[in-house]
Structure formats: C-alpha cells, structure tokens
Amino acid sequence: MIGGEMLNWSDLHPGDARPAAAGPAATALLAAALQPDDAVLIAGPHAADLITAAAAQVTSVDLLLRSAPDAEELAELLTETKGQVHCGSLDRFTLDSTYDVIVALDGTERLVGPDTANFPWAEALDRLRVRLRPGGRLFLGATNSFGFERLIQPDITAALPRDEDWARPVNDSPPAGLKPLRSALNTSDVQTFAVFPSLVQADVAVASIDGFAAVVAARAVASRNDGPVLMDPYRVVLDAAAAGLAFELAPAWYFVVGAAAPAVLPAGVVPEGAGVLLEEHLLAALRCDDQAELRRVVPAYVAWLGTGGAGSPDNVIVDGTSYRLFGEPQELDVVEHLARFARRALESGSRQPWPAAGDPHALTARLAAMAGITVPEQEFAPDEVVRPRGSAEQLTTVARLADELAHASARAILFEGTVSGIRRSLPYRVGHAVLNPARVIRRRLKRVLRKVRR
C-alpha cells in the first residue's frame, strides 16, 4: 500500500462504472512494441488478460492500481511473474523505481481516488514520464471529450451520475481535442492512433482513417450504438472520413511515445488492396438515380454469388469487374443478400428512385428483377416500414417525401386543369353531343339482343 488506495472498489469488476481498458487493439499494441528485456509499469486499470499477455513478453512488470481488491486479485494471478503490485494513487507513488516502458492505455483519470482533491492531467503525465529511463517508451490512452458519441447519443451522465463520477476539478481530465493533447505531450517522437469504439473496448486502432479503415471504424461505432440515435452512427463516421475529420472525432486515441508500432492494430482487421465497398457503390447509384449502373452491377454481383461468393453488399469489395469478400462469409441465399442491402439502404435514409419501392420487399424484388430473379409476393403480410436509423435521417426523409408529395400534387392540379379546359372546349362538347346518343342506342341494342338469345 502506498496511500490513497480504495478498499471497497473494483475497476476490474465495476458495479456502476466503466470497465478496465481492454481490447484486441490494446493487446496487439503491446505485443508489437514490448521487448523481452523491458521493465514495465502498467499504471491504471487494465484487463487481466492484457496484463498477463504483457507479463509473458517481458522481464518484469509492476502494477499501479487504486483498487485494493483488484491489487489482491492480480497479485495472485502474477505469482510467477517478476515485479510488484502497488496499491494507491499516483500522487502518493513516491518510490524511486524507473522503467523502460510505462503503459497507461486507460488514461490518467483513474490513477487517483476520491481523496485526491486536485491532480491535473498534465501533472499526472509528468509523474509518469519522470519514471521513464533514458530512451524509455510511453503508451498513453486518452478519451475524446468531443467525439462521435456527442453527435450520435445525447449526454445524460450529468443527470444520471455514476458512482465513479466524484466531484473533481475540470482540469483533472485530458485537454479537449487532438491538437492540444499532442501539444501537451511536447515531443515529436509520437505515433498517434484513433481507437474505436472506446478505450475499454479497443477493437481497432488505426494511424489514419481512409478507405477501408473508415468502414472498419464505422462498423465499430455502429456496433456500440445499436439503439435509438440522433444520427446514423455508420453514416456519420463514413461522412466524417470523407471530409477528413474522422481522426479528430475518434472516440479515443493511443499515443505511443518513443516506440514504433504497426499502422493498423490488430493486423489484418483492415483489408488491403484497391476497390470500394459494394454497398457504397450501389447507394451512390441510388442517390443519383443511375439505373443503368444498377442494372450493370447487380447482375454482375449476383453472378459472383453464383460462383461461390458469400457476402452481402456491405461485406463485399468491388474493384472494376472483380469482387472479393470483406470479412467473414455469410450463409445467405441471393435474395437474402439483396434483402439485407435493401433494409440497410432504407435504414440509411438513402433516396429511392422508385416510388413503389419504399418497403424492403418491394426494393428487394426490384433489385432481384435486374438479375432475372423473381421474388414471390408476400402472402397476408402488410408492407413493412423501415425507418431511418437516426432522428436526423428521419427528418431528412420526411422533408424529402414532403417535397416529392408537393411536386406530385402540383402535377395533379395541372393535369386536372388541363382536363377541365378540354371538357369546356367547343370540339369536345360537339363530339360529346354526337357520340352520346350513339352510346345510348348501342346499350339498348345489347339489351334487346340478350333478350332474343334467351
């Protein structure tokens, strides 16, 4: 014990708090950057499997934890590992130990407890850096206070505080924004990764967000926000990447100081090679009503499925006339693949060029018809209405449909006026007067003939 420890609190098994830092990207970072002869300090709450994996790679591992139950649990787990478990706050950590590597992928906020009145983020960073040996490396995580979550979900934590939200000064948190964080590190020898979807669930970390890396990031954010949202998470990330803003809006960042790491963590999570996601290509054709392109691409995609391909448009890369899988195979038939795209297109709020294809079944049938496939009509099933995922996309869809309805109403009024003018014209009235008696005589002759036949 070094002081400031929390006796009845766990960051590894929280009841009303966020869990410890973890994820494949965090494990891959340490696996790539740690050396066998390193002496390592892991500061703050990190998942047990992340700690044990790091301990298996290096000479010694010390832990600095604020939670007494966590310290006891990890001490028993690391009985065969050289190192010590220090329990307490960073501001009370006065030992003279120095390290080759300091790992703080959870950030610095949870290195102190509620009895630390004021411990600014910059001071916490300095306390960690002074323990680095010459040429040492620092792995630091930081949460973005204005990331995609602010655009996707309303912040209700102020109204519903958690147990870990003790009253702390504002300057205990990291600087807001990527540029101030980089400036606070005060070094040019730093590699920055955008982390998705969060520090405690680091599924992927990338040094740049473009191409297929943007798709991977969008998937990670969408998987974390599967309930009601203000904006469609998937589309927001892709749109931000297209505008060059996705890195600054990432949920969190890793800063690797003094070391080198691969540009993508873990390896292989972002596909390599040229091409574009088939779903994006088809959605672009829908938005601009390019039915010629749809009629070219959909049959080619269906033909690829017939050769053994097993991916829906959101899981397939198209490069000219070639197709390849992006991710795991999907055991669906051709119509089910098209139906998945139809649903995702409607959920994205994308414009549909066909008024009669506003439900998943109708849109699926129209796309399948382009490849010569007939989708049977649904029996005793009402048309399914798929609403766009986000509230913003729903409002956009309502505005677009209202505009289309106004144009249709204007055309109907124009048509009615044209018909009314024709009916009032002299040629129409003369023709009607001439033809009307002939119609009456024709109907009477039909009745007479029917009576004669009987």
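**Exercise 1. Which residue forms a salt bridge with R235, and how far apart are the closest N and O atoms?**

Solution. The model is predicted.

Step 1. Find the partner. R235 pairs with E280, and the closest N and O atoms are 2.8 Å apart.

Step 2. Check the distance. A salt bridge needs a side-chain nitrogen of Lys or Arg within 4 Å of a carboxyl oxygen of Asp or Glu. The 2.8 Å between R235 and E280 meets this.

Step 3. Place the two residues. R235 sits in helix 8 (residues 233-242) and E280 in helix 9 (residues 278-287). The pair links distant parts of the chain, 45 residues apart.

Step 4. Judge burial. The cut-off for buried is under 20% relative accessible area. R235 has 8%, so R235 is buried. E280 has 18%, so E280 is buried too.

**Exercise 2. Work out which parts of the chain are tied together by the salt bridge between R66 and D11.**

Solution.

Step 1. Start with the total. The structure holds 14 salt bridges. One of them joins R66 to D11, with the closest N and O atoms 2.9 Å apart.

Step 2. Locate the ends. R66 lies in the loop between strand 2 (60-65) and helix 3 (68-77), while D11 lies in the segment before helix 1 (24-33), so the bridge ties together parts that are 55 residues apart in sequence.

Step 3. Add the surroundings. R66 and D11 are both buried. They also belong to a network of salt bridges that links D11, R18, R66, D106 and R110.

**Exercise 3. Are D115 and R92 buried or partly exposed?**

Solution.

Step 1. Confirm the pair. D115 forms a salt bridge with R92, and the closest N and O atoms are 3.6 Å apart.

Step 2. Locate the ends. D115 is in the loop between strand 4 (99-104) and helix 4, and R92 is in the loop between strand 3 (85-87) and strand 4, so the pair ties together parts 23 residues apart in sequence.

Step 3. Apply the limits. Partly exposed lies between 20% and 50%. D115 has 44% relative accessibility, so D115 counts as partly exposed. R92 has a relative accessible area of 32%, so R92 is partly exposed as well.

**Exercise 4. R131 is buried and has no salt bridge. Find what surrounds R131.**

Solution.

Step 1. Place the residue. R131 is in the loop between helix 4 (121-129) and strand 5 (132-143).

Step 2. Look for an opposite charge. The nearest such side chain is that of D96, 5.9 Å away. The limit for a salt bridge is 4 Å, so D96 does not qualify.

Step 3. Look for a polar atom. The backbone oxygen of F93 lies 2.7 Å from a polar atom of the R131 side chain.

Step 4. List the contacts. Beyond its neighbours within four places in sequence, R131 touches F93, T94, L95, D96, S97, T98, Y99 and I102.

**Exercise 5. Which helix gives the largest share of the largest nonpolar core?**

Solution.

Step 1. Describe the core. It has 56 residues, of which F148, F196 and I209 touch the most other members.

Step 2. Name the helix. Helix 7 (residues 212-224) gives nine residues, the largest share.

Step 3. Check its length. Helix 7 has 13 residues and reaches 19 Å from first C-alpha to last, close to the 18 Å expected.

Step 4. List its buried residues. They are F212, A213, A214, V215, V216, A217, A218, A220 and V221.

Technical notes: Residues numbered from 1 in each chain as written. Predicted model: local features only at pLDDT ≥ 70, side-chain atom pairs only at ≥ 80, totals over all residues. Heavy atoms only, no water. Helix = DSSP H or I, 4+ residues; strand = E, 2+ residues; numbered from the N terminus. Buried < 20%, exposed > 50% of the residue type's maximum accessible area, 1.4 Å probe, protein only. Lys, Arg positive; Asp, Glu negative; His and termini not counted. Polar contact = N/O pair within 3.5 Å; in protein donor to acceptor, adjacent residues only side chain to side chain. Contact = heavy atoms within 4.5 Å. Core = buried A, V, L, I, M, F, W, Y, C linked by side-chain atoms within 4.5 Å. Expected span 1.5 Å × (residues − 1).
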